[in-house]
Structures are given as structure tokens and as C-alpha cells.
Amino acid sequence: GMFGIMQEAVVPEIPIDPIRVEALQSAFQNVTTATAWEDTNSPQSKAIRWIAQDPYSADKTPHQLLQRYIVTVLYFSTTELPWTRGVNFLTNQDECKWKAEGG
């Protein structure tokens, strides 16, 4: 149900490619400041690292990538709130299918 156990958002265990991160930062510079990425605990930093390591994100169009980034930032910004319990976010599914389990 909506308030079941949250599926843990796990960053894939592959090395972060600094060139990939730089390309993503360039693509997202209109929605995030460099300062936010410098803070490794910020939702923006967590999101860009997750996307840089997410194999499913590799073949996304720029628009889809930006959409995936924004939804990932939202998730990392609110992980302590009740709505994030039992959600199916940060999976290999299309970000449009990320939702509460059973929802």
C-alpha cells in the first residue's frame, strides 16, 4: 500500500564518470546552480550522481533526461515525508511510471 515499506533508492554500484556528470551539469544548468551540485548531500547532487550511474538514463532524449532529473530531485528533496513510503521511484522504469505501489 501507499504507506508500506519504501523501496530503497540505491545508486548503482558503478564508477561515476566525471565526463558524464559534466555533460549532465551542462544540460541541467538552467534548473540547478553549481553550488547545489557542490554540496554532496543536496538533492540535486544526489540526483545527478544517480542519473550519471543509471544505465537506463543513458539512452534518454535531452527532454526525458531533464524530466528524469527533476523527478529524481523531487524524490531526494522529500524522502523524509510520508508520501515517499512505498513508492516505486528510482527504478529502471520510465520516470512517468514511478508512483506509489498499487497506485
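So, helices α1 and α3: how do they lie relative to each other? They are oblique to each other, because their axes cross at roughly 125°, and oblique takes in angles that are not under 35, not over 145 and not from 65 to 115 degrees. Keep in mind as you look that this is a predicted model.

Let me place the two helices for you. Helix α1 covers residues 18–27, and helix α3 covers residues 43–53. Their axes come within 9 Å, and the crossing is right-handed. Two packed helices are described by the angle between their axes and the distance between the axes, and now you have both for this pair.

Which residues in α1 meet α3? On the α1 side you can pick out R20, V21, L24 and Q25, and on the α3 side their partners are I48, I51 and A52. Sorted by character, the residues of this contact are five nonpolar, one polar and one charged.

Let's step back to the whole chain for a moment. How many helices does the protein chain have? There are four, with zero strands, so if you trace the sequence you read α-α-α-α, by the DSSP runs. The protein chain has 103 residues, and 36% of them are buried. Now consider contacts between residues at least 6 apart in sequence: 61% of those join residues at least 24 apart.

Now for a couple of individual residues, starting with Y56. You'll find Y56 in the loop between α3 and α4. Is Y56 buried, partly exposed or exposed? Its relative accessibility is 31%, so Y56 counts as partly exposed. Setting aside residues up to four places away in sequence, Y56 touches R68, N92, Q93 and D94. Take Q93 from that list: Y56 and Q93 are 37 residues apart in sequence, and their C-alpha atoms are 7.9 Å apart in space.

My other residue is E95, in the segment after α4, the helix of residues 62–77. Is E95 buried or exposed? With a relative accessible area of 5%, E95 is buried, because buried means under 20%. Leaving out neighbours within four places in sequence, E95 is in contact with K60, Q64, Q67 and R68. Have a look at R68 in particular: its side chain and that of E95 are joined by a polar contact of 2.9 Å. You have met R68 already, as one of the residues that Y56 touches.

That's the tour, and thanks for listening!

Notes:
Residues are numbered from 1 along each chain as its sequence is written. This is a predicted model: local features need pLDDT of at least 70, side-chain atom pairs count only at pLDDT 80 or more; totals for chains, interfaces and linings use all residues. Side-chain values use heavy atoms; hydrogens and water are left out. Axes are lines fitted to C-alpha atoms, for helices over the stretch in contact, and angles run from 0 to 180 degrees between N-to-C directions. A crossing is left-handed if the near helix is turned anticlockwise from the far one by less than a right angle, and right-handed if clockwise. Contact means heavy atoms within 4.5 Å. Ala, Val, Leu, Ile, Met, Phe, Trp, Tyr, Cys and Pro count as nonpolar, Asp, Glu, Lys and Arg as charged, and the others, Gly among them, as polar. Buried means under 20% relative accessible area, exposed over 50%, partly exposed in between (1.4 Å probe, protein chains only). A polar contact is a pair of N or O atoms within 3.5 Å; within protein, one must be able to donate a hydrogen and the other to accept it, and residues adjacent in sequence count only if both atoms are side-chain atoms.
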